[in-house]
Amino acid sequence: MLNQNYIVLKIVVLVGMSFLFYGCGGGGGSGDNSAPMSDNINGGLAGRIFTTNGWIIDVATGRSTRSPGIVWDSYCLDFDIVGNDFYCTDPVMDYGRSPAFYTFPNISGDKYIVAVSNCVDGYTLDCIEIHDTTKGELIGERHELYKSVDVARLSRDGEYYAFTFNDDAYYNSPTLIVLNDINNEEITYSTMPDDGPVAFDWTNDNRIVYAYNGAIYITSPYSTEGSKIFDVRDHPEFSNIAGIGGSVRVSPDSTKIAFMLFEEHASTGDVPIPQTPWIINIDGSDLHRFAYAPVSSNGYELFGSLAWSPDGKYILITEGYSAGPLGTDGSTPGFLYAIPSNSRNIELNQDGYNNIIMLKTNYRNDSQELRYTFNGGGLWWTP
């Protein structure tokens with residue numbers, strides 16, 4: 001018969017060992033955003049990162065695959081739908097048009113919407129499609145427009161979408177933002193004063209938050225008419241700011257907006273216009289800078305896209321597109337960071353200070369080698 005003290009001691013040791021193996025982790029994640037360390041290389045974070053050029057990255061493993069349902073890299077004189085995919089029906093050898101695809105998921109990641117420019121040869125015709133994320137199957141009908149579609153994005157419930165476009169029939173035509181249901185039936189639209197770009201995101205109750213001409217607006221539910229909540233011209237400290245960038249992201253609880261301000265510095269060669277990340281409450285209060293990067297010899301910061309984590313605890317952000325201010329040799333294309341979303345003007349680092357996690361992925365890497373360098377476009381983080 002075993003001694004009772006021995007049994008109690010053995011239980012305590014086993015419990016302690018379980019905490020040792022499963023309670024440890026680098027810098028991040030809890031709840032739905034955590035994963036066992038044996039399967040996770042990115043600080044306990046989890047979920048999927050969607051990129052606008054069709055990649056889906058598993059956060060825990062860093063591995064990536066292309067969004068299904070689209071033949072992404074075809075160059076065609078003409079193409080059509082074969083099954084549920086765009087397939088090249090007249091491939092070119094060294095000439096012809098190059099269709100461009102831009103994809104965005106809804107907040108749960110079960111659907112994604114694709115805007116396709118130049119989708120039919122011989123016409124100024126763009127297309128919008130909605131696909132199932134798992135198999136890439138087409139949801140509803142393909143929407144063809146004799147317009148130049150800039151971007152299309154699904155509502156968070158996946159039942160509506162908005163898109164912006166210019167009418168190609170007119171030079172310098174104004175930008176429109178249009179709201180449709182998932183069956184491509186138009187609900188409403190609004191016309192901007194000129195042809196400037198519009199960046200936007202959705203709230204949980206189907207309002208649209210959009211940036212246009214240096215200001216941020218918010219609409220009523222199922223509307224495209226916005227009320228201004230922020231304008232750079234109302235802030236003298238932004239005298240060097242030229243406008244608001246393409247990354248406008250509403251937090252999962254729809255209480256905050258993260259966005260980029262870009263400077264007047266002109267883009268030269270492969271170096272993009274410098275951008276800095278900011279956060280504001282959805283009522284226009286508590287504007288504050290979110291993060292900054294040590295400035296290298298190039299003299300400016302190169303923040304890119306950003307995205308909220310599904311639980312709202314982190315913001316994913318890119319920095320250093322070409323010169324890489326945080327790089328060791330000044331030649332890296334950039335990095336991808338997860339930063340606690342409650343940070344205020346926090347300094348980026350690659351050492352895990354202040355719970356900042358630098359993500360490792362094999363995004364667009366044919367060798368499948370995992371690496372820290374990252375050079376991508378728009379980002380979305382889904383469960």
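Me: Where along the chain is the place of N355?

Reply: N355 sits in the loop between β26 (346-347) and β27 (357-358). Strands are DSSP runs of E with at least two residues, helices are runs of H or I with at least four, and both are numbered from the N terminus. This is a predicted model, in which local features need pLDDT of at least 70 and side-chain atom pairs count only at pLDDT 80 or more, while totals for chains, interfaces and linings use all residues. Residues are numbered from 1 along each chain as its sequence is written, and side-chain values use heavy atoms, with hydrogens and water left out.

Me: Why is N355 called partly exposed?

Reply: Its relative accessible area is 43%. Buried means under 20%, exposed means over 50%, and partly exposed lies in between (1.4 Å probe, protein chains only). N355 at 43% falls in between, so partly exposed is the right label.

Me: What is noted about the phi of N355?

Reply: It is positive, at about 60 degrees, although N355 is not a glycine. Most residues other than glycine have a negative phi. N184 also has a positive phi, near 70 degrees, and is not a glycine. N184 is found in the loop between β12 and β13 (186-191).

Me: Is N184 buried or exposed, and how do you know?

Reply: N184 has 16% relative accessibility, so it counts as buried.

Me: How many helices and strands does the protein chain have?

Reply: It has 1 helix and 28 strands. Of its 383 residues, 50% are buried.

Me: What makes E159 and K111 a salt bridge?

Reply: Their side chains meet at 3.5 Å, N to O. A salt bridge needs a side-chain nitrogen of Lys or Arg within 4 Å of a carboxyl oxygen of Asp or Glu. The 3.5 Å is within 4 Å, so the pair qualifies. The pair links distant parts of the chain, 48 residues apart. E159 is in the loop between β10 and β11, and K111 is in strand β7.

Me: Why do E159 and K111 carry the labels they do for accessibility?

Reply: E159 has 37% relative accessibility, so it counts as partly exposed. K111 has 13%, so it counts as buried.

Me: How many salt bridges does the structure hold?

Reply: It holds 7. One of them joins E144 and R142, with the closest N and O atoms 3.4 Å apart. E144 is partly exposed at 42%, whereas R142 is buried at 17%. Another joins D205 and R207 at 3.0 Å, N to O. D205 is partly exposed at 35%, and R207 is partly exposed at 22%. K228, D231 and R233 are linked in a network of salt bridges.

Me: Why does R153 have no salt bridge?

Reply: The nearest side chain of opposite charge, D201, is 5.7 Å away. Lys and Arg count as positive and Asp and Glu as negative, while His and the chain ends are not counted. D201 at 5.7 Å is not within 4 Å, so no salt bridge is assigned to R153. R153 is buried all the same. It lies in strand β10 (residues 148-154).

Me: Which residue's backbone oxygen lies 2.2 Å from a polar atom of the side chain of R153?

Reply: That of F200. F200 also appears among the residues that R153 touches, as do W202, R249 and W380, not counting residues up to four places away in sequence. Contact means heavy atoms within 4.5 Å.

Me: What makes W380 buried?

Reply: Its relative accessible area is 12%, so it counts as buried. W380 lies in strand β28 (residues 379-382). Leaving aside neighbours within four places in sequence, its contacts include R48, F104, R153 and A307. The C-alpha atoms of W380 and S309 are separated by 8.4 Å, although the two residues are 71 apart along the chain.

Me: What makes a set of residues a nonpolar core?

Reply: The members are buried Ala, Val, Leu, Ile, Met, Phe, Trp, Tyr and Cys residues, joined through side-chain atoms within 4.5 Å. The largest such core has 31 residues. Those with the most contacts inside it include I113, F200 and I208. Among the elements that give two or more residues to this core are β7 (111-117), β10 and β14 (199-202). Apart from it lies another core of 19 residues, V232 and I282 among them.

Terms used
A polar contact is a pair of N or O atoms within 3.5 Å; within protein, one must be able to donate a hydrogen and the other to accept it, and residues adjacent in sequence count only if both atoms are side-chain atoms.
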